[in-house]
Amino acid sequence: MNLATTVSIMATLALTTAVPLVAQGTPEKATTPTPSKTDSAAAAPAAAVTPELIAQGEKIYSGPGNCYACHGSKAEGSVGPNLTDSEWVHSKGSFEEIVAQVTQGVPKEKAKSGIAMPPKGGGTLSEDDVRAVAAYVYSLSHK
Ligand code: HEC
């Protein structure tokens, strides 16, 4: 684990303790999230996107999800598109859309670049893992 990761996890932990974890475990209640203007604890980006889930998702992104291999270690884009900007090829970039995108991947015939993305990045991710990694990806472009 590098220093930047350590610092971001520390920051996430600090946030987690500041925010009561009321919003967990209600996947079907999560509607299109409203991007927050600030990153203060009072203005959490989406009910389902908790700092804890984001931290968990970061580990999946750089680990079993294989996302880093195609999207870059900072999600800056490589074989797959940049996931940190507000440009979305396949959706409007809402949390639920990202969850669906990661679950399904991008079949070759739908891929704008002609390169397919395997469902769940080709890894064996649980539904919870997918939601976590989607929360991380969502957080990158909604600060
Ligand atoms: C084998 C390479 C590969 C892996 C692994 C991979 N992706 Fe992708 N991903 C792509 C490609 C290629 C596209 C875009 C296809 C196209 O050109 O339309 C894409 C598209 C996406 C999109 C849609 C982007 C948009 O602008 O609409 C999201 C979100 C995404 N990937 C997230 C992930 C996550 C999260 C993981 C890890 C669980 C992951 N990807 C793993 C190659 C990959």
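Tutor: A residue counts as buried if 20 or more other C-beta atoms, placed from the backbone, lie within 10 Å of its own, as exposed with 12 or fewer, and as partly exposed in between.

Student: What share of the protein's residues is buried?

Tutor: Of the 143 residues in the protein, 31% are buried. This is a predicted model: local features need pLDDT of at least 70 and side-chain atom pairs count only at pLDDT 80 or more, while totals for chains, interfaces and linings use all residues. Residues are numbered from 1 along each chain as its sequence is written.

Student: How many helices and strands does the protein have?

Tutor: The protein has five helices and zero strands, taken as DSSP runs numbered from the N terminus (helices H or I, at least four residues; strands E, at least two). From the N terminus the order is α-α-α-α-α.

Student: Is α2 largely enclosed or not, and why?

Tutor: α2 is largely enclosed by the rest of the structure, because eight of its 11 residues are buried. Among them are Pro51, Leu53, Ile54 and Tyr61.

Student: And Gln56, buried or exposed?

Tutor: Neither: Gln56 is partly exposed, because 19 other C-beta atoms lie within 10 Å. Gln56 lies in helix α2. The C-alpha atom of Gln56 is 6.0 Å from that of Ala132, though the two residues are 76 apart along the chain.

Student: Which residues touch the most other members of the largest nonpolar core?

Tutor: Phe95, Val133, Ala134, Ala135 and Val137, out of 23 residues in that core. Such a core is a set of buried Ala, Val, Leu, Ile, Met, Phe, Trp, Tyr and Cys residues joined through C-beta atoms within 7 Å.

Student: Which helix gives the most to this core?

Tutor: α5, with eight residues. α2 (51-61), α4 and α5 each supply at least two.

Student: What does Ala135 touch?

Tutor: Leaving out residues up to four places away in sequence, Ala135 touches Val49, Leu53, Ile54, Gly57 and Phe95.

Student: New topic. How many residues surround the ligand, and which are the closest?

Tutor: There are 29 residues around the ligand, and the closest are Cys67, Cys70, Gly80, Ser113 and Gly121. A residue counts if its C-beta atom, placed from the backbone, lies within 6 Å of the ligand.

Student: Which elements give two or more residues to that shell?

Tutor: α3 (67-71), α4 (95-104) and α5 (127-141) do. α3 has the largest share of the shell, four residues.

Methods
Two residues are in contact if their C-beta atoms, placed from the backbone, lie within 7 Å.
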